[in-house]
Structures are given as structure tokens and as C-alpha cells.
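Please find below my comments on the model, set out as numbered points. They begin with a single loop residue and then turn to the wider architecture.

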Amino acid sequence: MKILIVGAGAVGSVYAYHLQQGGAEVWLFVRPRYKQACALGIRLYQLNHQRRPRIFVPTGCLTHVDEVAAHTWDQVWLCVSTTALLGSWFAELATGFGGASVVGLQPGPEARALLLRQIPERQLVSGVITMVSYQAPLPGEKVRDRGIAYWFPSLSPNGFKGPARRTGAVVASLQRGGCPAAVQPGLEKLSGFGSALLMPLMASLELAGWSFSELKRGPRLLRALRAAREACSAVSAELGEPPPVWLRLLFPGLARGVITLAPHVVPLDLETYFRYHFTKVGDQTRALLAQYIELARKSGLPASGLSQLQRELG
Ligand SMILES: NC(=O)c1ccc[n+]([C@@H]2O[C@H](COP(=O)([O-])OP(=O)(O)OC[C@H]3O[C@@H](n4cnc5c(N)ncnc54)[C@H](OP(=O)(O)O)[C@@H]3O)[C@@H](O)[C@H]2O)c1
């Protein structure tokens, strides 16, 4: 099994390591400035247990479209953000994927359509990332050497959906390497409503100075939940599926409880992680908010909460 990981950041490095652990030959496609460091090896800290850090050394590191096209791939994993895929580089790169299964992990209502512009549907396996990963150390965190830290939440495997044989192979490749993964028949709903809830909340957290206590205070949380409900209704109309039951239970009191409890369950400083990660992918959050507003307008649904968030975020 020969696999190319496109984008060796927080997510790409973790999948690359576990796919290699599962017996695959794993290559990276990175920007030229990362080539040397990636080729030497990427240090990984798994936070689920306190084992020694692992070093992932790829079979090879590619930086040019021609190099990608010169190989034959079984799988190509796209581990860049939704907004990164908008660049013309991606259309060029995709011409070198041949008949590989292409794993698209990007969030947002337009991600699949964006991928289908370059990837034939019969080759596309969509995925939802359930891990938390970041470039360590976060501010205030101590690690001996820089690397990628990650955590797999229990009972929440990385989910995949697409053509049966290709999806089965993708899931098996990860499972063999010790990464929780499963076929997820309801992937569009899970990913669609999950992102529709998360993006307005993260935009509101940013406006609250990345402070959970500030987010919980006053009308901010109410406004965040209103925007999240609007985004979910827009996704619901687009998918032709009712929002999941748990979304109806998301009252301010319960949301406050979840925000209070979460930092005690997750083995990392969640506030700092959110600040770090959603600053890193800030352009993606803004692009997705704009997409939810557009979707809502298309279906004649309200989007004033989302628009207010968008205005305040700038
Ligand atoms: N990390 C998480 O915990 C997590 C959880 C759920 C979902 N996700 C999603 O997963 C996606 C990736 O997140 P991430 O945390 O892995 O981001 P990341 O750490 O920034 O990794 C993305 C990598 O792709 C590289 N890249 C971008 N454009 C490229 C190009 N044209 N050619 C080669 N490499 C390119 C980036 O390089 P530059 O930095 O130089 O641009 C970066 O190294 C995002 O959509 C994110 O929302 C992440």
C-alpha cells in the first residue's frame, strides 16, 4: 500500500504515522520550506497515554506536482484546510493522483463540491476528523522537543464514507496502525451539523478573547447558539435531513455545563488549543460562516445571527 499525505501539519502527521504503523509506505507532499525537517522525521506525542514520543520518518518527501505524478498511489490523503484547497495548486496536483482513492477531510458545506471538481466521485472517500492535534508546545505547555501532540477521544473514531471497497481499505489501513477509524454511514449529517455547530461557537469564542468564562457570560452564548441554530437549519435544508435530536437539547444552560466540564475531560489546555488552532485556520472559519449565510439565504431562512457574527469578526 503506497500512500501520499498532502500537508504534513497537525492532522497529516498523525495519520501518516498510524498509516505507516499499519504497514503502508507513506510519502509526504509538503511546501519546499518544510521538506528538510519532514524528511528527518516528525516527533509525535500521543496524549492518550504517557509513552515515549515516536518519530515518524516518511519514505519520501515531495514538493512538486511532477514528482507526485511520477508515482502510482493507492491512496492520497488531503490533510490541508478547506481554504487551502481553493488554490490553483490543488487542481494541478490532482492530475497526478491517477486512480488512487482520495481521502477528503475538509469541513464545510461546500467542501465535497470543491473536491468533486478535481476528483472523480468513484475515487473520493470523505472523512470526518475526530482527533485533536496541534504543533506542540502550546503556549504554557512543556515538551522536551517540538513535535505534534494529539489525542483520540474515546468512543469517537475517525469516520469515513465513500465507495465501499475504497472506504473499507482506508478504514482498515488506519485501524491496522492503531488509529480509531470506522465506516460512518451518516457522515454528511455528522460532519455537516458538527461543523455548523462548531464554527459559530468558535467565532464567538474568538470574539470573547478565547476565554470560556467570557463566552459563558451575558448575551454572548445566546448569540452564539442562535447563529449555530441558523447554520444547522441551513445545513438541514441543504441535506434534506432534520437536525439531530441532540441539537434541540442545546439550551444555554446545557451549553454552559458542557463548556465548564470539557476542560476537565480533555488532557490538554482546551482554551489555549482552541485559540491556537482556530487562529491557525481562521480564514477557514470565516469562509464557512459566509457559506452558511449563503446557504440560509438560498433557502429563505434567517441568518441575522450568523451575519452579526461575521460583521463582528471582520
Ligand atoms: N488539528 C486538529 O485538531 C483538527 C481537528 C479537526 C479538524 N481539523 C481540520 O483539518 C484540516 C487541517 O488542519 P491542521 O490542524 O492539520 O492544519 P495545519 O497544521 O496547518 O496543517 C496543514 C498543512 O498543510 C500545509 N499546506 C497548505 N497548503 C499547502 C500546499 N499548497 N502544499 C503543501 N502543503 C500545504 C500547511 O502549510 P502552511 O502552514 O505553510 O500553510 C500545513 O503544514 C483543517 O481543515 C482543520 O480544520 C483539524
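1. In this predicted model, L155 is exposed, because just 6 other C-beta atoms lie within 10 Å, and the class requires 12 or fewer. L155 sits in the loop that links strand 10 with strand 11 (158–161). Its backbone deserves attention, since L155 has a positive phi of about 60° although it is not a glycine. As background, most residues other than glycine have a negative phi.

2. A second residue other than glycine with a positive phi is W210, for which the value is near 60°. W210 belongs to the loop between helix 7 (187–207) and helix 8 (212–216). W210 counts as partly exposed, because it has 18 C-beta neighbours inside 10 Å.

3. One peptide bond should also be checked: the bond from A136 to P137 is cis, with omega near 5°. P137 is placed in the loop between strand 9 and strand 10. In general, most peptide bonds are trans.

4. The two strands flanking that loop are paired. Strand 9 and strand 10 (residues 147–151) run antiparallel and are joined by five bridges. Within this pairing, S133 has Y150 of strand 10 as its bridge partner. Strand 9 is largely enclosed by the rest of the structure, because four of its five residues are buried.

5. Strand 9 (132–136) also takes part in the surroundings of the ligand: together with helix 1 (10–21) and helix 12 (270–280), each supplies at least two residues of the shell. Which of the 27 residues around the ligand come nearest? They are G7, G9, A10, V11 and S81. By class, the shell comprises 15 nonpolar, ten polar and two charged residues. Domain 1 (2–184) and domain 2 (188–313) each contribute at least three residues to this shell.

6. The division of the protein chain is into domain 1 (2–184) and domain 2 (188–313), and their C-alpha centres lie 25 Å apart. The contact between them involves 18 residues of domain 1 and 22 residues of domain 2. On the side of domain 1 that touches domain 2, nine residues are nonpolar, seven polar and two charged.

7. The largest nonpolar core has 59 residues, of which I5, L28 and L78 touch the most other members. Helix 1 provides the largest share of this core, with seven residues. A second, separate core has 28 residues, among them L201, L205, L221 and A231.

8. The contacts of L78 may be examined individually. Apart from its neighbours within four places in sequence, L78 is in contact with V6, L85, V102, V103, G104, L105 and Q106.

9. V76 lies in strand 6 (residues 75–78). Is V76 buried or exposed? V76 is buried, because 25 other C-beta atoms lie within 10 Å of its own, where 20 or more are required. When residues up to four places away in sequence are not counted, V76 touches L4, V6, F97, A100 and V102. V76 and W27 are 49 residues apart along the chain, and their C-alpha atoms are separated by 9.5 Å.

How values were computed:
Residues numbered from 1 in each chain as written. Predicted model: local features only at pLDDT ≥ 70, side-chain atom pairs only at ≥ 80, totals over all residues. Near = placed C-beta within 6 Å. Nonpolar A, V, L, I, M, F, W, Y, C, P; charged D, E, K, R; others polar. Domains from an automatic or database assignment. Core = buried A, V, L, I, M, F, W, Y, C linked by C-beta atoms within 7 Å. Contact = placed C-beta atoms within 7 Å. Pairing = 2+ DSSP bridges.
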